[in-house]
Amino acid sequence: MDPITLIVLIAALAVLAVVVGGVAFLRPGRRKTPPPPPPGEGTAGGAGTGVLEREAAPTATAPPVEEAPPAPAIELPPPSAGRLVRLRARLARSQTAFGRTMLALLSRDTLDDEAWEEIEDALIGADIGVAPARQIVEDLRTKVQVLGSRTPGEVRELLKGELVAQIGPDLPRGLRTEPHGTRPAVLMVVGVNGTGKTTTCGKLARVLVGDGRTVLLGAADTFRAAAADQLVTWGSRVGAEVVRGEEGADPASVAFEAVKQGVETKVDAVIVDTAGRLHTKTGLMDELGKVKRVVEKQATVDEVLLVLDATTGQNGLRQARVFAEVVDVTGIVLTKLDGTAKGGIVVQVQRELGVPVKLVGLGEGPDDLAPFEPEAFVDAILGE
Ligand SMILES: Nc1nc2c(ncn2[C@@H]2O[C@H](COP(=O)(O)OP(=O)(O)OP(=O)(O)O)[C@@H](O)[C@H]2O)c(=O)[nH]1
């Protein structure tokens, strides 16, 4: 091939290459796929290319994802220590009339027989009971004679000493809530309906959770379905499971299941709410006795707490006595102390039933249940 033909051939090949390359470069569908749009973009149509719109289409038409309802927030109640001091204003409101009367009477210049009688009447009026009232008056008379003249501070200390002594500062008031190895502590709550029994179970669960324990609630008050519903509400607020049965189910079987589940799930404490119908003493004895027996097949019953409404006075005390006769009560929960000026019931109920008041209810709020402390109680009655 001569050089001229060769040059012409090379030039023709070069032109061909440029034409083919240019066509290839201009062909559609060879572009790199762009990066996915940031969330929320590129799915709404509008300015995007056809490819992007087609790819985004499934997302745009996907059924809306149903949002799960927000889980209820689990509350962490405050610890129980010092609660009575924090709640003393509740007591003061209802009790200071008694405290003020007593201090005024004892501060009189002359304390004659009539004055001492008035003091005794004021004590009896506060539901302290006749025998303890007489005892207090007798002691105070002797001390006042020894003292001679009395300053208001001395009068207050004298009275405080007498009231605390009658309440019994050394009675064992601690709740037994420690688990036994892998077995939970079991607390049974008994008492007449309407005294605040179910509310007490709920508040007690909060007390224990606030003190760092895990709790399971047993709704063995199968007589009133609303009581179980109430417990479920209390439990859900602090993350405590509730074992309940059908309305009218055997209370003992619910209590058994509750303790069984408590053992299996290794909670620290099981609180069992019971029905408090005062049908007949034998019926009550059978029912509570059976509940206790079946529970004891799996765990020790550490506390049987009797709930008593402080506003019901003698009548409430009479009913409470029936419970104390059919089960071995280990402690009293005195509710509604915020609604009575008769705080002396603490003294009477302990004497009558022979068990210490361990907890007091001072309102309808969830954390208005406090461990009972005699000194703080008397301080609240007498005012600071
Ligand atoms: N003021 C005040 N009210 C209280 C206290 N304790 C409970 N109550 C109220 O008393 C009412 C009765 O309480 P419940 O717990 O339903 O009574 P219960 O004894 O369980 O009654 P049953 O479930 O029928 O056995 C409720 O309105 C409570 O809020 C308290 O210490 N102070």
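# A guided tour of the predicted model

The protein chain has 14 helices and eight strands; helices here are DSSP runs of H or I with at least four residues, strands are E runs of at least two, and both are numbered from the N terminus. Residue numbers start from 1 along each chain, as its sequence is written. The model is predicted, so local features need pLDDT of at least 70 and side-chain atom pairs count only at pLDDT 80 or more, while totals for chains, interfaces and linings use all residues.

**Stop 1: colour by confidence.** Start with pLDDT, the predictor's confidence in each residue, from 0 to 100. Its mean over the protein chain is 82, and 80% of the residues reach 70 or more. Select helix H2 (residues 50-61) for the lowest mean pLDDT among the elements, 36, then S6 for the highest, 97. Residues 14-60 have pLDDT below 50, and beyond near neighbours in sequence this stretch has nine contacts in the model. A contact means that the C-beta atoms of two residues, placed from the backbone, lie within 7 Å. The model scores are ipTM 0.92 and pTM 0.80.

**Stop 2: the whole chain.** Show all 384 residues: 39% of them are buried. A residue is buried with 20 or more other C-beta atoms within 10 Å of its own, exposed with 12 or fewer, and partly exposed in between, with C-beta atoms placed from the backbone. Of the contacts with a separation of 6 or more, 76% join residues 24 or more positions apart.

**Stop 3: the ligand.** Now select the ligand and its surroundings. Which residues are the closest to the ligand? They are Gly196, Lys197, Thr198, Thr199 and Gly361, in a shell of 20 residues; a residue is near the ligand if its C-beta atom, placed from the backbone, lies within 6 Å of it. Helix H8 (residues 197-210) gives the most to this shell, with three residues. By type, the shell has two nonpolar, 11 polar and seven charged residues. Here Ala, Val, Leu, Ile, Met, Phe, Trp, Tyr, Cys and Pro count as nonpolar, Asp, Glu, Lys and Arg as charged, and the others, Gly among them, as polar.

Next, select residues 356-369, which an unreviewed UniProt entry lists for "domain: SRP54-type proteins GTP-binding". UniProt positions are given in the numbering used here, feature names are shortened, and annotations may be inferred rather than shown by experiment. The end C-alpha atoms of this span lie 16 Å apart, and the span is 0% helix and 43% strand.

**Stop 4: Asp221.** Find Asp221 in the loop between strand S2 (215-220) and helix H9 (225-238). Asp221 counts as buried because it has 26 C-beta neighbours inside 10 Å. Not counting residues up to four places away in sequence, Asp221 touches Thr198, Ala227, Asp273, Thr274 and Ala275. Draw a distance from Asp221 to Val272: C-alpha to C-alpha it is 8.7 Å, with their positions 51 residues apart in sequence.

**Stop 5: the nonpolar core.** The largest nonpolar core has 90 residues, and Ile271 and Val272 are among those with the most contacts inside it. Such a core is a set of buried Ala, Val, Leu, Ile, Met, Phe, Trp, Tyr and Cys residues joined through C-beta atoms within 7 Å. Beyond four places in sequence, the contacts of Ile271 include Val189, Cys201, Ala205 and Leu187.

Move to Leu187 in strand S1 (residues 185-191). Is Leu187 buried or exposed? It is buried, with 25 other C-beta atoms within 10 Å. Its contacts, again leaving aside neighbours within four places, include Thr177, Ala269 and Leu305.

**Stop 6: two positive phi angles.** Asp127, in the loop between helix H5 (113-125) and helix H6 (130-147), has phi near 70°, a positive value in a residue other than glycine. Lys336 is not a glycine either, yet has a positive phi of about 60°; look for Lys336 in the loop between strand S6 (331-335) and helix H13 (345-353). Asp127 is buried, with 22 C-beta neighbours inside 10 Å, and Lys336 is buried with 20.

**Stop 7: helix H14.** Finish at residues 374-382, where seven of the nine residues of H14 are buried, so this helix is largely enclosed by the rest of the structure. Among the buried ones are Phe377, Val378, Ile381 and Leu382. Just after H14, Gly383 takes a positive phi of about 75°.
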